[in-house]
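Notebook open, structure loaded. I want to go through strands, salt bridges and pockets in turn.

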Amino acid sequence: TAGVHVHIGGLNFSKRFIVASVLLSLMVEKEIFSILPTSRRSNSFCTPMKDSQLGRLKVLKTESLEEFNAMIDSLYDEVFAYISTIGHYPDKEENKLKQHPRGAKCGYLRPSPRYHWLNLVPAMFNTRENESYSIEFRPHSATLNFTKVSNWVKICMAFVSYAETHLETIFKAFLEGKPITLEDLIIAAYPKRNSGLIAYIEARKT
């Protein structure tokens with residue numbers, strides 16, 4: 001009766017990573033849902049990112065490293081304002097070392113940022129109150145099937161790896177409207193052993 005929720009931690013949850021994760025999620029979420037049961041596509045526990053304020057983020061062309069970094073700061077502020085649900089930018093009262101303004105579970109309110117398929121609340125706030133942060137993937141349906149769980153974890157790890165190491169690629173692709181696919185993530189994360197996982201993804205789409 002529940003989904004398979006995957007948390008990945010042990011990362012540097014920097015502004016760059018958060019921005020990259022949001023932009024990447026907007027580019028791959030249609031494909032993500034295409035490999036899952038149709039019941040997950042209209043599920044209030046794992047809603048699309050594109051239907052939220054995050055889906056309206058604007059990436060502008062930058063001509064220098066300084067402009068690029070400024071754009072990241074600006075986008076992060078927009079993401080923070082939304083994820084915090086308080087509608088303003090980071091300050092000393094609300095930051096990564098503090099609990100989310102609505103509590104660790106965002107008051108169990110749906111819709112709220114916690115209930116998107118990619119949950120950034122525990123990555124941006126101290127929800128466990130021990131400075132242990134994670135990014136949560138919520139869309140997979142309930143299953144006890146080892147192959148499904150194993151492959152889903154690999155896909156989540158590939159997403160995180162790509163967001164960590166390919167911000168410039170993500171930025172440019174988002175700006176130019178060029179697709180980044182799950183296959184791109186898989187090949188980048190598992191360059192020597194990826195055919196089985198790619199075949200699994202295509203089979204799931206079918």
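Before I look at side-chain burial, the cut-offs: I call a residue buried when its relative accessible area is under 20%, exposed when it is over 50%, and partly exposed in between. Also to keep in mind: this is a predicted model.

**Entry 1, strand S1.** I checked which way the side chains point along S1, residues 4-9, and they alternate. Val-4, Val-6 and Ile-8 go to one face and are buried. His-5, His-7 and Gly-9 take the other face and are not buried. Next I looked up the pairing: S1 runs antiparallel to strand S3 (residues 134-140), with five bridges between them. Ile-8, one of the buried set, has Ile-135 as its bridge partner in S3.

**Entry 2, salt bridges.** How many salt bridges are there? I get seven. I started with Lys-15 and Asp-73, whose side chains meet at 3.7 Å, N to O. Lys-15 sits in helix H1 (residues 15-34) and Asp-73 in helix H2 (residues 65-83), so this pair ties together parts that are 58 residues apart in sequence. Buried or exposed, these two? Lys-15 comes out partly exposed at 37% relative accessibility, and Asp-73 is partly exposed too, at 36%.

Then a pair of sequence neighbours: Lys-50 and Asp-51 form a salt bridge at 3.1 Å, N to O, and both residues are exposed. Lys-178 and Glu-176 also make one at 3.1 Å; here I noted Glu-176 as partly exposed, with a relative accessible area of 40%. I also found a network of salt bridges that links Glu-31, Glu-202 and Lys-205.

**Entry 3, largest pocket.** The volume is about 240 Å³. Which element gives the most to the lining? That is H1, with six residues. Among the lining residues I see Leu-26, Met-27, Phe-33, Arg-41, Pro-48 and Phe-174. Lys-50 is in the lining as well, the residue I had just logged in a salt bridge with Asp-51. By type, the lining splits into five nonpolar, two polar and four charged residues.

**Entry 4, second largest pocket.** This one holds about 160 Å³. His-7 lines it, which links back to S1, where His-7 is on the face that is not buried. Other lining residues include Lys-105, Arg-114, Asn-119, Arg-128 and Glu-136. I count the types as three nonpolar, three polar and four charged.

Notes: Residues numbered from 1 in each chain as written. Predicted model: local features only at pLDDT ≥ 70, side-chain atom pairs only at ≥ 80, totals over all residues. Heavy atoms only, no water. Salt bridge = Lys/Arg side-chain N within 4 Å of Asp/Glu carboxyl O. Helix = DSSP H or I, 4+ residues; strand = E, 2+ residues; numbered from the N terminus. Buried < 20%, exposed > 50% of the residue type's maximum accessible area, 1.4 Å probe, protein only. Pairing = 2+ DSSP bridges. 1 Å grid on protein atoms, 1.4 Å probe; cavity = no way out; pocket = protein on both sides within 12 Å on 5 of 7 lines; lining within 4 Å. Points joined across faces, edges and corners; volume = space filled by probe spheres on them. Nonpolar A, V, L, I, M, F, W, Y, C, P; charged D, E, K, R; others polar.
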